[in-house]
Amino acid sequence: MSEASIKQAEIAVEQQHVDRVYARLDELRSEAEAMRDKSYEYGREATPEALNERDVMLHHANRTLQALNAESEGLVFGRLDFAGGDAVHIGRLGIRDPQFENLLVDWRAPLAAAFYQATPEQPLDVIRRRVIRSSREQVVDLSDDLLDPERAPSDMRVIGDGALMAALTRSRGDSMRNIVATIQKEQDDAIRAPEGGVTEITGGPGTGKTAVALHRAAYLLYRDQRRLGGPGVLVVGPSPVFMSYISRVLPSMGEHNVELRALGEVLDGISTAKIDDPRTAEIKGSSRMVKVLRRALRLPPPEAPELLQMFYRGTVLKLQADDLKRIRRTLHNKGGQPNRNRMRAADALLEALWQKAKQAADEDFQPDRDRLIAEIGDRIEFHRFLVAWWPAVYPMQVLRWLSDPARLSQAARRLLSAEEVDLLAKSWSEVTEWTVADIALIDELRVLAGAPPKRRRAEGEQEQPKRAVNYDEYAHVVIDESQDLSPMQWRMVGRRGRHASWTIVGDPVQSSWPDAEEAAAARREALSAQRTHRRFTLRTNYRNSAEIFALAADAVRDLVPADDLPVAVRTTGVEPAVREMPAEQLPAAVRTAAEELVAAAEGTIGLITTMARRDEVREWLSTADFDADRVRVVGSLEAKGMEYDAVVVIDPDGLAAESSTGRRALYVALSRATQLLTVLKPS
């Protein structure tokens, strides 16, 4: 029997099992839909017991349908043949037949761990591991690893090899795929690590850090749905482009109770992708800004009155500017959030007026403290003064106030230089859109100022629905590209997980934050409640060909220890193309390179340029002759975490000069391509 015939016979065997799985999946869907319909009938009985039973049934039915309706492409992707003759199939979710026998074992279940952990050195009682590749419900390919040949039955057939390498050569689309069929042992160790404390996953480009973190989130939800399912899981990444790219991974594994937010989306009610110039972003991200913002809240509002004058029983009582300044300083020195201190401010003003009255006392004017405070405290003019002098403050309003260089200089005295003050004031003058760095400052001000008093509803105005917002509600927090978080961003994300466990993903070599120690201190503070810290280092680059990664690594070899660079395991024999041309020829060179790569590669083509030139490069491509839907123009920061089948890196010297971390930014850009790379160097 020929090798091709043997393979087709084995595909037929697996197809029979796959058909059984999908048939059972349809049955389970029908049962869940019937349960959902039945729950509505219970709701017709208006008793509390019936309504409660309806809610429980409806919740269970909807969760079941959500899992069963998750992306079913490649639902069955693996098989394990154990010594003794038992075999199990591995898939995206667990399915049992009507007799409760396993048709499909969820990849996160303990029984499936051997699919990822078994090796020829430690086969874990596994003789053959089979990877099954399907198109929709049709099995199209198989690949086997024979882990324990000495125990293999004589009639066991072994098909092909290199399942991982086959997966690596597939073209990319607009979304990251889940990697449940090709997880490697070093990745699986990190995925299945215990849930508590901090799990850190480090590794260079292409080592699968992001995919491992997302699969870890799915694994933890599977193992402890009760604890994690309510508060939920938060995944924070560098940009909306990146979050869109990874958005399908968890739903494809049946997990929907996860929030994916870019750093500019972490704070409820505000969403931005706008990025400051690097120097301004560094100032806004510095831990010095905590003191600047605290001082800013202690300053009087720009329009605060400087005189309180009250007539009381024929006597004029005045609090001058110096009196008011002293009262404000005393109130702030006592601590507390300004928005919660208005009553204390009122009491302090009334007490100061009483002291003025005591000083003015004579034979004709004998004030009583309690009566004076009660009478003046009820006056509308006193309340109007209080609202103007100690108003409710809002975070975005405070930042707008700091667009005044004189005011910002007061708050930043001995903390920021004159140049830094000018840069910040300019960035906040006439703001039309907040930046990603501003979001962390707004969140800091939210905490420092406290919640403003609730606005009284106007007559006839409908009450807005209440939102259950708890900034510390997440049970698990995943931070991707953690090496780029500023100290202020660490403070922001730290508030979302004070009582959570953490998965932190990053690569110090790719850092775009210039002061590593300052960021490390902020990170330690954010994670100070955690007692357990475990670290996994991924050392194999599965994304880049060896030829491409050699060029990328050359950009930083003299800057980092050799052990911090991963090893690329795949060779293609195709070297990157490096082209030099006069600067005026760059637009034409970009069009030519893009057209060449669109013709030569399947999947997506990334054009990586400086943040400042994105629109300009897009304009250059407007006259190019190719399928524009496959081409993505991104700035250097937007390229973080992304991968493309082919890449054009435009102006490498400009990319390095744009970032305060220099050639590390270039290293990121050069390591995005899986198949083909072209570098254009204008002179």
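A polar contact is a pair of N or O atoms within 3.5 Å, where within protein one atom must be able to donate a hydrogen and the other to accept it. In this predicted model, a polar atom of the Ser671 side chain and the backbone oxygen of Val668 lie 3.1 Å apart. The points below begin with the surroundings of Ser671, then take up an annotated binding site, a six-stranded open sheet and the packing of helix α20 against helix α21.

**Ser671**

- Ser671 is placed in the loop that runs between α26 (663-670) and β21 (673-682), and with a relative accessibility of 0% this residue counts as buried.
- Once neighbours within four places in sequence are set aside, the contacts of Ser671 are Pro205, Arg543, Asn544 and Ala552, and one of these, Pro205, also belongs to the residues covered by the UniProt annotation "binding site".

**The annotated binding site**

- According to the unreviewed UniProt entry, the annotation "binding site" covers Gly203, Gly204, Pro205, Gly206, Thr207, Gly208, Lys209 and Thr210.
- Gly208 is found in the loop between β7 (198-203) and α6 (209-223), whereas Lys209 lies in helix α6.
- Gly208 has a relative accessibility of 21% and counts as partly exposed, while Lys209, at 8%, counts as buried; the cut-off that matters here is that buried means under 20% relative accessible area.
- Not counting residues up to four places away in sequence, Gly208 touches Gln187 and Leu538.
- With that sequence exclusion applied to Lys209 as well, its contacts include Ile201, Thr202, Gly203 and Gly204, together with Val505, Gly506, Asp507, Gln510 and Leu538.

**The open sheet around strand β1**

- Six strands form an open sheet with mixed pairing, in the order β3-β4-β2-β1-β5-β6.
- The edges of this sheet are taken by β3 (95-96) and β6 (138-146), each of which has a single partner strand, so that one side of each is left without a neighbour in the sheet.
- Strand β1 (residues 76-82) is largely enclosed by the rest of the structure, because seven of its seven residues are buried.
- β1 runs antiparallel to strand β2 (residues 87-91), to which five bridges join it, and β1 is likewise joined by five bridges to strand β5 (residues 126-135), again in the antiparallel sense.
- Arg79 illustrates both pairings, since its bridge partner in β2 is His89, and in β5 Arg79 stands opposite Arg130.
- The hairpin of β1 and β2 has four residues between the strands, and in this hairpin Gly84 adopts a positive phi near 105 degrees.
- β2 also pairs with strand β4 (residues 102-106), here in the parallel sense and over two bridges, with Ile90 standing opposite Val105 in β4.

**Helices α20 and α21**

- Helix α20 (residues 487-495) is mostly covered, with eight of its nine residues buried; the buried residues include Pro487, Met488, Gln489 and Trp490, as well as Met492, Val493, Gly494 and Arg495.
- α20 packs against helix α21 (residues 516-526) at an angle of about 10 degrees, and the axes of the two helices are 8 Å apart.
- Because angles under 35 degrees count as roughly parallel, α20 and α21 are therefore described as roughly parallel to each other.
- Where these helices meet, Pro487, Trp490 and Gly494 in α20 are in contact with Glu518, Ala519, Ala522, Arg523 and Ala526 in α21.

How values were computed: Residues are numbered from 1 along each chain as its sequence is written. This is a predicted model: local features need pLDDT of at least 70, side-chain atom pairs count only at pLDDT 80 or more; totals for chains, interfaces and linings use all residues. Side-chain values use heavy atoms; hydrogens and water are left out. Buried means under 20% relative accessible area, exposed over 50%, partly exposed in between (1.4 Å probe, protein chains only). Two strands pair if DSSP finds at least two bridges between them. UniProt positions are given in the numbering used here, feature names are shortened, and annotations may be inferred rather than shown by experiment. Contact means heavy atoms within 4.5 Å. Axes are lines fitted to C-alpha atoms, for helices over the stretch in contact, and angles run from 0 to 180 degrees between N-to-C directions. Angles under 35 degrees count as roughly parallel, over 145 as roughly antiparallel, 65 to 115 as roughly perpendicular and the rest as oblique.
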